[in-house]
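These are my notebook entries on a single chain. I set down what I looked up, in the order in which I looked it up.

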Amino acid sequence: MKKYILDLRVVSLTRVHQRYVLVKLTSDNELPEILPGQFVEVRVDASPTTFLRRPISVHFVDRDRNELWLLVAVVGDGTRSLAALRAGDTLNCVLPLGNSFCLNPPYEASSGILLVGGGVGVAPLLYYGKWLNDLGITPTFLLGARTSADLLMLDEFNKYGRVCVTTEDGSMGEKGFVSDHSIWEAESFSQISTCGPKPMMVAVARMAKLMGVYCEASLENMMACGLGACLCCVEKTTEGNLCVCKEGPVFSTERLLW
């Protein structure tokens, strides 16, 4: 896919959690084609300590409003600077980068697609859920967090599929991790897609393997260039060392040495 360097205008910035902000961006021209699972590299101009662009998953693309949504975890100087943006500010982005989730699931998978996310890893699953919904497929979202207050954007996820949740303290949904949810024993799935902390994705991949189900994972390795040049995001795979930003971030878990 063709890549673009665009100055996007901030439509709004909403603090959805003490550690997360939702940034909605637009352009005077129609946004380019963007696929679920891809990411953008954002230039941070207002932080003197942030020299490299920051990779951020595409959370959602609203074609009706010509908006790109980014869910940003505020963890350092760069993301704190992004969290200080205001409507009307400009954000320079390289997009779209990386590959995508499975865009055309086989017919037999349409009756049981499970999207598993934890923490800010839920971000790319919203747009994927919308994509599947547009294909006539209703996915099941399984979202995990520490507490009910840490569950993000549930109203949006509910628009595109069934939502199941787990919390470590039991304050919402079932208590425990996503791998502890009763849905794994109560239902069957033909495809599983996951994004979040590596231990969570490893557990999901192992469960999928035991079930004989195709599974793909969106990796969150440290990225700098987003183009496969700097080699800082390399992941060991069955095919050797691959750059997550270029060959991924989405991989079939059969290719990963987990």
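Entry 1, helix α2. I looked up which residues of helix α2, spanning residues 123–134, are buried in this predicted model. I found Ala-123, Pro-124, Leu-125, Leu-126, Tyr-127, Tyr-128, Gly-129 and Leu-132. I then read on past the helix and noted that Gly-136, which follows α2, has a positive phi, near 90°.

Entry 2, Val-58. I turned to a residue that touches α2, namely Val-58, which is in contact with Ala-123, Pro-124 and Tyr-127. I placed Val-58 in strand β4. Is Val-58 buried or exposed? I recorded a relative accessibility of 1%; because the cut-off for buried is under 20%, Val-58 counts as buried. Its further contacts, with neighbours within four places in sequence left aside, are Ile-34, Gln-38, Phe-39, Val-40, Leu-68, Trp-69 and Leu-70. I also checked the separation of Val-58 from Ala-73: the two are 15 residues apart in sequence, and their C-alpha atoms are 13 Å apart in space.

Entry 3, Ser-47. I located Ser-47 in the loop that runs between β3 (39–42) and β4 (54–62). Although it sits in a loop, Ser-47 counts as buried, at 8% relative accessibility. Which residues does Ser-47 contact, leaving aside its neighbours within four places in sequence? I listed Asp-77, Gly-78 and Ser-81.

Entry 4, salt bridges. How many salt bridges does the model hold? The count comes to nine, and I examined some of them individually.

I noted a salt bridge between the side chains of Arg-65 and Asp-62, at 3.3 Å from N to O. Arg-65 is exposed, with a relative accessible area of 58%, whereas Asp-62 counts as buried at 11% relative accessibility.

I noted another between the side chains of Lys-159 and Glu-156, at 3.2 Å from N to O. Here Lys-159 is exposed, its relative accessible area being 52%, while Glu-156 is buried at 16%.

I then examined Glu-239 and Arg-255, which form a salt bridge whose closest N and O atoms are 2.7 Å apart. This pair links distant parts of the chain, with the two positions 16 residues apart in numbering. I placed Glu-239 in the loop between β13 (234–237) and β14 (240–243), and Arg-255 in the segment after β15 (250–252). Arg-255 counts as partly exposed, because its relative accessibility of 22% falls between the cut-offs of 20% and 50%.

Terms used. Residues are numbered from 1 along each chain as its sequence is written. This is a predicted model: local features need pLDDT of at least 70, side-chain atom pairs count only at pLDDT 80 or more; totals for chains, interfaces and linings use all residues. Side-chain values use heavy atoms; hydrogens and water are left out. Helices (H or I, at least four residues) and strands (E, at least two) are DSSP runs, numbered from the N terminus. Buried means under 20% relative accessible area, exposed over 50%, partly exposed in between (1.4 Å probe, protein chains only). Contact means heavy atoms within 4.5 Å.
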